[in-house]
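Here is a model to question. Each answer sets a value against its rule and concludes.

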Amino acid sequence: MNLSAQQPAVWAAGTIDQDLALTAVFEERAENLSQDELWKWSAETDRDRALLVKLKGSGTKLLSGPRGSGKSTLLRKAYFALLEDGQALPAYVNFSRSLALEPLFHTNANAPQVFQQWLIRKMIAGVWEAVQLISSATPAALNQIGPESIDYIQRLETGQDPPKLPRLISPSELLLLLETWSKEVGRSRCVLFLDDAAHAFSPEQQRDFFEVFRALKSRHVAAKAAVYPGITSYSPYFHVGHEAEVLEAWYPPDDEAYLTTMRSIVQTRLPAALYDRFEGKTEIIDFLALASFGLPRGFLNMLSYVLGVDDNASVKPTRRNAERAVALQAESVRNIFSALRDKLPRLKNFVDVGLDLQRAVVHALRSFNSTKPPGREKTAVVAIAEPIPTEISRILGMAEYAGILRRGNSVSRGVKGVFQRYTLHYSIVLAENSLSLGKSYGLDDANRSLASTSAHAFVRVQVPGLLGPSFAERCTIDLAPCQKCQAPRISEDAKFCMRCGAELKDLSVYDELIHADIDKLPLTPNKIRGLKTHTSLRTVQDILLDQEAIQIRKVPYVGPIWSSRIQTAAQEYVSV
Amino acid sequence: MSDPERWKDVCESERSVSLDAASVCRPLRATPLSPIDNFYAYISTLVPLGTEEQLSNNDALGKALMLGIVSATEHYFRSILSGLIHACPVVRGRAASQTIPFGALGYYSRESIGLAIFEHVSLADAREIQKLTSKLLGFQVEQENSAKAAFLEFDKLCQIRHAAIHSRGDLSLKNLQELGIAANAGNPLAIHFELSSLHASASICQNVVRAYNRLAYRKTVEGWIGERLLTGNWAHDKIMFAPLFELFHSRKDARGYPNSYLAHRPLSSIIARALSGAG
């Protein structure tokens with residue numbers, strides 16, 4: 001049977017310029033896709049439809065999910081839907097560049113004020129852009145403030161000194177402006193879609209954001225923000241649940257319709273020439289879908305790897321390729337976690353303990369599953385005995401952010417206590433053979449084991465059992481010593497050395513990230529080697545400055561898809 | 001039998017005691033440091049005196065150290081303003097109408113005579129500094145967003161200092177209102193400094209000093225360019241520019257140019273543009 005015969009007409013000749021479109025097919029970030037591409041290439045489940053109803057409706061919502069879980073896709077879809085329905089005025093705003101403003105906190109006394117204006121001006125710019133799409137008559141005040149805001153944002157995000165604004169706009173004034181502008185363009189309400197809103201790496205920014213966010217609530221205005229699980233801390237006055245409902249963007253891989261949905265992504269997204277290469281090998285699609293653990297971005301990455309897109313266009317999907325893709329995906333997930341060392345330098349030791357925790361979970365699962373004969377229920381879930389020590393909770397939160405672990409419900413086992421369930425990312429489960437499937441298992445065996453895992457089967461563990469009794473001693477905040485006399489810093493609060501009195505300087509995280517070596521990026525060793533051998537690109541900043549990918553494209557086997565992926569990796573490395 | 005006079009003895013009686021004021025005075029040692037580096041040096045000797053444990057156990061220590069830190073800040077402002085009166089003809093012109101005690105002419109040196117203007121003024125007061133800046137330097141701190149934010153924080157500390165000096169740290173209702181702290185009936189508050197708040201206070205003072213130092217230098221140089229006091233020619237400008245640069249430059253921070261000659265070089269083109277009327 002010809003697989004492409006089942007495909008929708010998206011890829012029919014003449015519908016899309018196939019050369020250009022292939023880059024978009026494997027585009028990892030929804031905000032880079034057009035409205036058409038977004039509708040055509042993202043499958044929609046009942047669950048997605050229910051989420052979209054809530055996102056388009058009234059009420060403040062937090063859309064939670066790790067990187068690549070489809071938050072932006074959902075927000076963008078809701079935005080485009082509202083643009084067309086004529087009832088509400090939507091605005092899509094992406095705050096991923098917020099780290100670029102972090103150096104301001106080291107050079108300007110009024111940085112919180114500048115940051116708040118940046119947040120507010122970003123929202124105004126988003127409204128202005130939406131109004132240009134839906135109305136021929138832009139409200140006069142918006143027509144003045146909109147372009148002025150775009151200029152302000154552009155200057156701040158490119159590291160220029162904060163320009164002077166004719167006037168500051170407060171969150172409550174913004175609320176009134178949004179209500180007025182909605183009315184003036186003939187829409188009854190305004191909905192703000194705030195993407196990459198958890199400024200998880202700067203506590204000051206995070207607090208300031210949620211103070212603005214909680215003010216944007218009225219009968220005619222609703223704000224929806226995409227946040228990360230585990231790592232987002234809200235301001236003291238913002239109460240999750242009370243102030244906002246949390247929606248889960250992360251698609252659970254144990255959902256009944258999971259594999260069907262993921263197969264339909266492949267069907268709708270891939271051109272026939274690529275899709276047909278899976279003929280007779282659909283178990284590879286399922287294998288990769290499960291390994292992606294409900295994170296569509298990871299799925300696309302693995303698909304492009306097994307199809308040899310950019311590297312070798314004639315590559316056919318094989319089991320070996322698929323296993324390699326899964327191993328690379330597992331590495332990439334771990335890299336997101338490891339990158340927290342750079343983004344949260346004070347928590348370096350926590351990251352190291354977190355990597356040990358992940359290894360211990362792999363080991364615990366493997367031991368448990370090795371006792372289950374073939375056909376018996378295997379598991380990828382560990383249940384950690386409560387109460388979980390504070391420092392380990394923090395590490396588990398960081399692992400949730402990276403997608404290494406997914407938090408489930410807690411479960412009571414009577415006198416044995418209460419346990420908190422966590423599922424290990426399936427790519428790590430597969431790459432580390434945590435299912436104990438033996439040396440020569442078939443992909444179908446792996447697919448069956450993962451697809452049939454039950455929430456009722458789990459490995460009960462205690463933190464000391466996983467990490468040893470002295471784990472707490474290793475979970476210490478890593479504080480840089482005095483730059484002048486090298487005396488240790490006595491606490492996070494100390495701003496002066498207690499030995500020599502010199503000021504203890506906190507380096508800008510953003511400056512450190514942007515000047516980091518390209519080795520730090522979650523790319524394959526081959527690609528890093530290629531970049532170093534064939535280009536003069538050495539730092540993350542070099543890649544960001546190579547906007548047209550002129551240098552990046554000099555690397556053999558790097559075409560439009562890989563160059564876009566390399567640039568995305570650099571952008572994400574310096575983003576929230 | 002009870003002593004009929006004993007009812008007066010509610011406490012120990014006073015006795016003869018005196019202090020020779022001169023004994024607590026010593027010659028002021030001239031410092032080669034700029035006002036800002038002098039401030040840094042003082043702060044770095046003061047802050048380590050309050051260890052975490054000592055500050056927790058000794059309520060008076062934190063307040064005493066905080067007073068010292070604010071006093072160092074006040075000293076910076078006196079030094080920089082009097083230094084500017086000496087170094088800048090424009091500021092000197094504005095200061096010409098100020099009254100100073102006649103005896104000050106004999107007590108202060110020519111370089112530091114400006115200090116006489118501030119003899120009866122407290123510069124541990126953010127608003128007073130802003131007022132003097134406007135009067136003598138001719139610019140408004142409030143119009144500079146970053147400096148304004150630094151001064152707002154410093155103003156808070158000045159309020160706290162006020163309470164610490166005048167009522168041993170007990171906070172009056174007025175203090176609370178100025179600080180924006182809600183007053184709870186029957187629960188009066190007092191000041192207490194832990195290590196984190198003491199270090200934060202030192203950072204706030206350091207911040208206001210840095211903000212002012214950068215702003216006053218920039219405004220003075222821009223003012224000189226506007227008044228055509230600089231020509232862009234080092235041989236001509238150095239007599240005015242070098243002392244001004246030394247007044248503001250921090251060797252400790254080691255930012256920007258290390259000496260006045262190099263700092264003057266990029267100004268040449270700006271001055272040329274201004275002189276030609278293009279700037």
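**Reading the interface and the sheets**

In this predicted model, the rule finds 0 salt bridges across the interface of domain 1 of chain A and domain 2 of chain A.

Q: What makes a pair count as a salt bridge, and how many does the rule find across the interface of domain 1 and domain 2 of chain A?
A: A side-chain nitrogen of Lys or Arg must lie within 4 Å of a carboxyl oxygen of Asp or Glu. The count across this interface is 0.

Q: How many residue pairs are in polar contact across the interface of domain 1 and domain 2 of chain A?
A: The rule finds 1 residue pair, with both residues at pLDDT 80 or more. A polar contact needs N or O atoms within 3.5 Å.

Q: Where do the bounds of the domains of chain A come from, and what are they?
A: They come from an automatic or database domain assignment. That assignment gives domain 1 (46-248), domain 2 (339-474) and domain 3 (515-573).

Q: How do you know that domain 1 and domain 2 of chain A are in contact?
A: Contact means heavy atoms within 4.5 Å. Domain 1 of chain A supplies 9 residues and domain 2 of chain A supplies 10 residues. The C-alpha centres of the two domains lie 35 Å apart. About 800 Å² is buried between them, 67% of it on carbon and sulfur atoms.

Q: Why are β2 and β5 of chain A called edge strands?
A: Each pairs on one side only. The open sheet has 5 strands in the order β2-β3-β4-β1-β5 (chain A), with parallel pairing. From one strand to the next, the twist averages 20°.

Q: What makes β2 and β3 of chain A a pair?
A: Pairing takes at least two bridges. β2(A) and β3 (residues 189-195) of chain A have 7 bridges, in the parallel sense. In β3(A), A:F193 is the bridge partner of A:Y92.

Q: Which strands does helix α4 of chain A lie across?
A: Helix α4 (residues 71-85) lies across β1, β2, β3 and β4 of chain A, at about 150° to β2(A).

Q: Why is one side of β7 and of β9 of chain A left without a neighbour in the sheet?
A: β7 (405-412) and β9 (459-461) of chain A each have a single partner strand, so one side of each stays free of a neighbour in the sheet. The order of this open sheet is β7-β8-β6-β9 (chain A), and its pairing is mixed.

Q: What joins β6 to β8 of chain A?
A: 5 bridges join these antiparallel strands. One bridge partner of A:I384 is A:Q420 in β8(A).

Conventions. Residues are numbered from 1 along each chain as its sequence is written. Chains are lettered from A and ligands numbered from 1 in the order in which they are written. This is a predicted model: local features need pLDDT of at least 70, side-chain atom pairs count only at pLDDT 80 or more; totals for chains, interfaces and linings use all residues. Side-chain values use heavy atoms; hydrogens and water are left out. Helices (H or I, at least four residues) and strands (E, at least two) are DSSP runs, numbered from the N terminus. Axes are lines fitted to C-alpha atoms, for helices over the stretch in contact, and angles run from 0 to 180 degrees between N-to-C directions. Buried area is the accessible area (1.4 Å probe) that two parts lose on being put together, summed over both. A polar contact is a pair of N or O atoms within 3.5 Å; within protein, one must be able to donate a hydrogen and the other to accept it, and residues adjacent in sequence count only if both atoms are side-chain atoms.
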